[in-house]
Amino acid sequence: MSKDLSGYIDNELKEMLPNFKWKIVKESKKNLIELFLTFHVETDEEYQVQDMIGKNNEPGLVQFEDVICFYDPAYAHVKPQNYLASFSIDSHTGVEKGYVDAILRQLNYTTKKGKVELTEFLRDDFADSFALTWKESNLQNMVDTLKETGRYSEEKIPMNLDDEQSFLEKLKKGDANDGVERV
């Protein structure tokens, strides 16, 4: 298991087998971690939906994408309204595993509900837009439930935003060997 937040999220999602696909992006310069998620619903061939940038869906398939964000407000300038949900954490002390577990479970529930709502949206001739809805009260209920059942871990997971060094950077640090790796 990875010892940083992005690795922990990735491992937990693999075990959870959520109803969405995901991609985790660490941005060390911005001190944030973004979790991009996507899911789709199958629909009749004649349904046409246009996204915010004007792109139409493929016939018979409507794909939905959104993002949640973990960030350190001391360093990152995040606009929470740009995300499905955003979570402010201290990158030096980390975040409790139980809180991350609750977020991931709530995200899985939200997307499962979102698939149903997206299908209903597609059938409604008068609906003009669709968005997932994140409810902080549901997240707090999930945290409380995990605590009451003894499944909430207070162990801290660090953000660890240091980028992995490239192979060339590792070689440059080998000044004892004039920057050349010897085998």
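1. Let's start with what kinds of residues surround the largest pocket in this predicted model. The lining of that pocket divides into 17 nonpolar residues, eight polar ones and nine charged ones. As you rotate the structure, try colouring the lining by these three classes.

2. How many residues line the largest pocket, and which lie nearest its centre? There are 34 lining residues, and those nearest the centre are Asp51, Met52, Gln63, Phe64 and Glu65. The volume of the largest pocket is about 1200 Å³.

3. Which elements give two or more residues to that lining? They are strand E2 (32-42), strand E3 (61-71) and helix H2 (97-123). E3 gives the most, with seven residues. So keep E3 in mind, as this strand appears again in the sheet.

4. Now to the sheet. Four strands form an open sheet in the order E1-E2-E3-E4, and their pairing is mixed. The edges are E1 and strand E4 (85-88), each of which pairs on one side only. From one strand to the next, the twist averages 15°. If strand pairing is new to you, remember that strands of a sheet pair through backbone hydrogen bonds, either parallel or antiparallel.

5. Do E1 and E2 run parallel or antiparallel? They run antiparallel, and seven bridges join them. You can follow individual partners across the pair: tryptophan 22 stands opposite leucine 37 in E2, and lysine 26 has isoleucine 33 of E2 as its bridge partner. The hairpin of E1 and E2 has four residues between the strands. In this hairpin, asparagine 31 takes a positive phi near 55°.

6. Next, the charged pairs: the count comes to five salt bridges. Among them is the one where the side chains of lysine 26 and aspartate 4 meet, at 3.3 Å from N to O. Lysine 26 lies in strand E1 (residues 21-27) and aspartate 4 in the segment before helix H1 (5-16), so this pair ties together parts that are 22 residues apart in sequence. Is each partner buried or exposed? Lysine 26 is partly exposed, with a relative accessible area of 30%, whereas aspartate 4 is buried, with a relative accessible area of 6%. Lysine 26 is worth a second look, as it also has isoleucine 33 as its bridge partner in E2.

7. Another of the salt bridges joins the side chains of lysine 14 and aspartate 10, at 3.0 Å from N to O. How many residues apart are these two in helix H1? They are four residues apart, which means that about one helical turn separates them. Aspartate 10 counts as partly exposed because its relative accessibility is 22%, and buried would mean under 20%.

8. A further salt bridge brings together the side chains of glutamate 155 and lysine 97, at 3.3 Å from N to O. Where in the chain do the two partners sit? Glutamate 155 is in the loop between helix H3 (136-148) and strand E6 (156-157), while lysine 97 is in helix H2, so the pair links distant parts of the chain, 58 residues apart. Glutamate 155 counts as partly exposed, at 45% relative accessibility. Lysine 97, at 12% relative accessibility, counts as buried. The helix that holds lysine 97 is also one of the elements giving two or more residues to the lining of the largest pocket.

Methods. Residues numbered from 1 in each chain as written. Predicted model: local features only at pLDDT ≥ 70, side-chain atom pairs only at ≥ 80, totals over all residues. Heavy atoms only, no water. 1 Å grid on protein atoms, 1.4 Å probe; cavity = no way out; pocket = protein on both sides within 12 Å on 5 of 7 lines; lining within 4 Å. Points joined across faces, edges and corners; volume = space filled by probe spheres on them. Nonpolar A, V, L, I, M, F, W, Y, C, P; charged D, E, K, R; others polar. Salt bridge = Lys/Arg side-chain N within 4 Å of Asp/Glu carboxyl O. Buried < 20%, exposed > 50% of the residue type's maximum accessible area, 1.4 Å probe, protein only. Pairing = 2+ DSSP bridges. Axes fitted to C-alpha atoms, helices over the stretch in contact; angles between N-to-C directions.
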